[in-house]
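Biologist: Before we discuss this model in detail, please display the sequence together with the structure.

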Amino acid sequence: YLTGLELSNNGSDANNDIDIAAGKARDSTDVADLSLAASLTKRLDASWAVGTNQGGLDTGVKANSTWYHLWLIRRSDTAVVDVLFSTSATAPTMPANYDSKRRIGSVLTDGSGNLRGFVQNHDHFQWKAAIKDIDVSNLGTTVTGFTMSTPPGFKIRGTFHYDMTGQSSRTVYFQSPNITDASASTSAVPYGHTPKDSATQGPNGQITIETNTSSQIKLSSSAANTTIVVLTDGWVDIRGK
């Protein structure tokens, strides 16, 4: 189980700090209960130290364009609970004497190393500003993978919105890499997710697709040289529940 523990950008230093709400969770091995009695602020730009407004990074220094996973951690000898940042989605470098952990979410830095703005509502994470991940003019009939701005290391339900420029009678099929590849068609299964567009107006819309563990989705068009832009709006992360 996991309750509370919602994440948010810190109001005073949104570029570097994350606020973690109070809450409770079972550890990843289903052995220990981890209870964060009061909200906590952890700094991504400093090495981990116990307590609020202290560093949170397990190893190294904060990097540009990098995903960091937040871990609720506990030491069984004192029952102290804290939070740790790590680039590892499975095995963070734990501080001395901390022996229980549970991943509670993930955050991303931009090209300048600043934390991207987001909002969380239970398992639903949404970017404050959608991120353009696909902008191509040559999408063709071959099924092609693209990396999206969703947390790596897990199969995540990502929410995306798209826009196509006006190109005559074609459709684009979005699919999860976790299923068998299938090419878009205007006349046969699996057809496509975008309406067949005309030469004067391109379709747009929103779609939810499950990524693979590398944050990818796949697209194909029913015709060559299709222009499409796809932005990542957010994702659903059940965080081990």
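Biologist: Which residues are linked in a network of salt bridges?

Modeller: This is a predicted model, in which local features need pLDDT of at least 70 and side-chain atom pairs count only at pLDDT 80 or more, while totals for chains, interfaces and linings use all residues. Residues are numbered from 1 along each chain as its sequence is written, and side-chain values use heavy atoms, with hydrogens and water left out. A salt bridge here is a side-chain nitrogen of Lys or Arg within 4 Å of a carboxyl oxygen of Asp or Glu. By that criterion, the network links Arg26, Asp30 and Asp33.

Biologist: At what distance, N to O, do the side chains of Arg26 and Asp33 meet?

Modeller: Side chains of opposite charge can pair when their charged atoms come close. Residues are classed as buried (under 20% relative accessible area), exposed (over 50%) or partly exposed (in between), with a 1.4 Å probe and protein chains only. Arg26 is partly exposed because its relative accessibility is 22%, and Asp33 is likewise classed as partly exposed, at 43%. Their salt bridge spans 2.9 Å.

Biologist: Lys132 also forms a salt bridge; which term describes Lys132, buried or exposed?

Modeller: The side chain of Lys132 meets that of Asp135 at 3.6 Å, N to O. Asp135 has a relative accessibility of 49%, so Asp135 counts as partly exposed. Lys132 has a relative accessible area of 51%, and is therefore exposed.

Biologist: How many residues apart in the chain are Lys218 and Asp181?

Modeller: Asp181 is partly exposed, given its relative accessibility of 41%. A salt bridge of 3.0 Å, N to O, joins the side chains of Lys218 and Asp181. This pair links distant parts of the chain, since Lys218 is in strand β17 (216-221) and Asp181 is in the loop between β15 (172-175) and β16, where strands are DSSP runs of E of at least two residues, numbered from the N terminus. The separation is 37 residues.

Biologist: Which element gives the most residues to the largest nonpolar core?

Modeller: A nonpolar core is a set of buried Ala, Val, Leu, Ile, Met, Phe, Trp, Tyr and Cys residues joined through side-chain atoms within 4.5 Å. The largest has 29 residues, and Ile18, Ile20, Leu70, Leu72 and Ile104 touch the most other members. Two or more residues come from each of β3, β5 (33-36), β6, β8 (67-74), β9, β10 and β12 (124-139). The greatest contribution, 4 residues, is that of β8.

Biologist: How many residues make up the other core?

Modeller: In the largest core, Ile20 touches residues including Leu5, Leu36, Leu40, Leu70, Val83 and Ile104, contact meaning heavy atoms within 4.5 Å. Apart from that core lies another, which includes Met148, Val172, Ile209 and Leu219, and its size is 16 residues.

Biologist: Why is β8 described as largely enclosed by the rest of the structure?

Modeller: Both faces of β8 are covered. Trp67, His69, Trp71 and Ile73 are buried on one side, as are Tyr68, Leu70, Leu72 and Arg74 on the other. The strand is largely enclosed because the buried residues number 8 of the 8.

Biologist: Which residue of β9 stands opposite Ile73?

Modeller: Strands pair if DSSP finds at least two bridges between them. β8 pairs with β10 in the antiparallel sense over 8 bridges, and Trp67 stands opposite Leu108 there. With β9, β8 also runs antiparallel, joined by 6 bridges. In β9, the residue opposite Ile73 is Asp82.

Biologist: In which sense do β6 and β7 pair?

Modeller: On one side, 4 bridges join β6 (40-47) to β3 (17-20) in an antiparallel arrangement, with Asp19 partnered by Thr41. Lys42 stands opposite Gln54 in β7. Over 3 bridges, the sense of the β6 and β7 pairing is parallel.

Biologist: Which strands are the edges of the open sheet of 5 strands?

Modeller: The strand order is β11-β12-β18-β14-β16, with antiparallel pairing. Within it, β14 (157-164) and β18 (226-236) pair over 8 bridges, and Met164 stands opposite Ile228. Each edge strand pairs on one side only, and these strands are β11 (118-121) and β16 (204-210).

Terms used
Lists of a residue's contacts leave out its neighbours within four places in sequence.
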